[in-house]
Amino acid sequence: MDRTSVVQYLDIISVVTSSVIQVGDTKILTPTSLALAVQRQESIYDEDEHTFDMYPMFSAPLPPLSYDCIPVNTVNEAPAIHVNSINIIGVAASSVVRIGNTDFVSSDSRVKHIRQFTVDPYE
């Protein structure tokens, strides 16, 4: 797993919640993002009216991954990973941009969208 990562140019405009940008090797990456997105017609909010513990989706266990183990034999022809240029507009919640080797990645992003209108928007 020990290889050198060489990047000449990396341009990223936006990196948000629990995202990872990494050049080099790592054993484990586990980014997690929990978000409540409340949109209202009228901007009146009470800070305690929506909490993560009100919604079971934030505490529910993830379903187990089902995959077959595939034997892999890797031969690295060169001692380094060379990248000339990368341009990225955005890296979203709980995602990973990696230039290098990783043994295990497990990302979890959970978003509850709440829309509240004082009148029916379709009338």
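Contact here means heavy atoms within 4.5 Å. The model is predicted.

## Exercise 1. Alanine 35 and its surroundings

Task: place alanine 35, classify its exposure, and list its contacts beyond four places in sequence.

Solution.
- Step 1. Find the element. Alanine 35 sits in strand 4, residues 32-40.
- Step 2. Classify the exposure. The relative accessible area of alanine 35 is 26%. Partly exposed covers the range between 20% and 50%, so alanine 35 is partly exposed.
- Step 3. Collect the contacts. With neighbours within four places left aside, alanine 35 touches Phe52, Phe58, Arg110, Val111 and Lys112.
- Step 4. Check one partner along the chain. Valine 111 is 76 residues away from alanine 35 in sequence, yet their C-alpha atoms are 4.8 Å apart.

## Exercise 2. The aromatic pairs

Task: find the aromatic pairs in the whole structure and give the geometry of each.

Solution.
- Step 1. Count. The search returns two aromatic pairs.
- Step 2. Take phenylalanine 52 with phenylalanine 58. Their ring centres are 4.8 Å apart, and the planes make an angle of 75 degrees. Over 60 degrees counts as edge-to-face, so this pair is edge-to-face.
- Step 3. Compare the accessibility of the two partners. Phenylalanine 52 has 37% relative accessibility and is partly exposed. Phenylalanine 58 has 11% and is buried.
- Step 4. Take tyrosine 55 with phenylalanine 58. This pair is also edge-to-face, at 6.4 Å centre to centre and 80 degrees between the planes. Tyrosine 55 and phenylalanine 58 are both buried.
- Step 5. Join the pairs. Phe52, Tyr55 and Phe58 make up one aromatic cluster. Two members of this cluster, Phe52 and Phe58, are among the contacts of alanine 35.

## Exercise 3. The salt bridges

Task: locate the salt bridges and state whether their residues are buried or exposed.

Solution.
- Step 1. Count. Two salt bridges turn up in the whole structure.
- Step 2. Examine aspartate 103 and lysine 27. Their side chains meet at 3.5 Å, N to O. The cut-off is 4 Å, so the pair qualifies as a salt bridge.
- Step 3. Map that pair onto the chain. Aspartate 103 belongs to strand 7 (residues 102-105) and lysine 27 to strand 3 (residues 26-29). They are 76 residues apart and link distant parts of the chain.
- Step 4. Check exposure. Aspartate 103 and lysine 27 are both exposed.
- Step 5. Examine aspartate 108 and arginine 110. The N to O distance in this salt bridge is 3.0 Å. Here aspartate 108 and arginine 110 are both buried. Arg110 is also one of the contacts of alanine 35.

## Exercise 4. Two serines

Task: describe the setting of serine 5, then the backbone of serine 94.

Solution.
- Step 1. Place serine 5. It lies in strand 1. Its relative accessible area is 17%, so serine 5 is buried.
- Step 2. Look for a polar partner. A polar atom of the serine 5 side chain lies 3.1 Å from the backbone oxygen of isoleucine 99.
- Step 3. List the contacts. Beyond four places in sequence, serine 5 touches Val23, Gly24, Ile81, Ile99 and Gly100.
- Step 4. Turn to serine 94. This residue is in the loop between strand 5 and strand 6 (96-99). At 5% relative accessible area, serine 94 is buried.
- Step 5. Read the backbone angle. Serine 94 has a phi near 60 degrees, a positive value in a residue other than glycine. Most residues other than glycine have a negative phi.

## Exercise 5. Surface features

Task: identify the residues of the nonpolar surface patch, then characterise asparagine 87.

Solution.
- Step 1. Name the patch members. Leu10, Val15, Ile21 and Val23 make a nonpolar patch of about 270 Å².
- Step 2. Assign elements. Strand 1 (4-15) and strand 2 (20-23) each give two or more residues to the patch.
- Step 3. Check one member. Isoleucine 21 is in strand 2. Its relative accessible area is 32%, so isoleucine 21 is partly exposed.
- Step 4. Move to asparagine 87. It is in strand 5, residues 80-91. With 56% relative accessibility, asparagine 87 is exposed.
- Step 5. List its contacts. Not counting residues up to four places away, asparagine 87 touches Tyr9 and Asp11.
- Step 6. Take a distance. The C-alpha atoms of asparagine 87 and proline 31 are 22 Å apart, with their positions 56 residues apart along the chain.

Definitions and conventions
Residues numbered from 1 in each chain as written. Predicted model: local features only at pLDDT ≥ 70, side-chain atom pairs only at ≥ 80, totals over all residues. Heavy atoms only, no water. Helix = DSSP H or I, 4+ residues; strand = E, 2+ residues; numbered from the N terminus. Buried < 20%, exposed > 50% of the residue type's maximum accessible area, 1.4 Å probe, protein only. Patch = residues over 30% accessible without salt bridge, like charges linked within 9 Å, V, L, I, M, F, W, Y side chains within 5 Å. Areas by Shrake-Rupley, 256 points an atom, 1.4 Å probe, with all protein chains shown as cover. Phe/Tyr/Trp six-rings, centres within 6.5 Å; stacked < 30°, edge-to-face > 60°. Polar contact = N/O pair within 3.5 Å; in protein donor to acceptor, adjacent residues only side chain to side chain.
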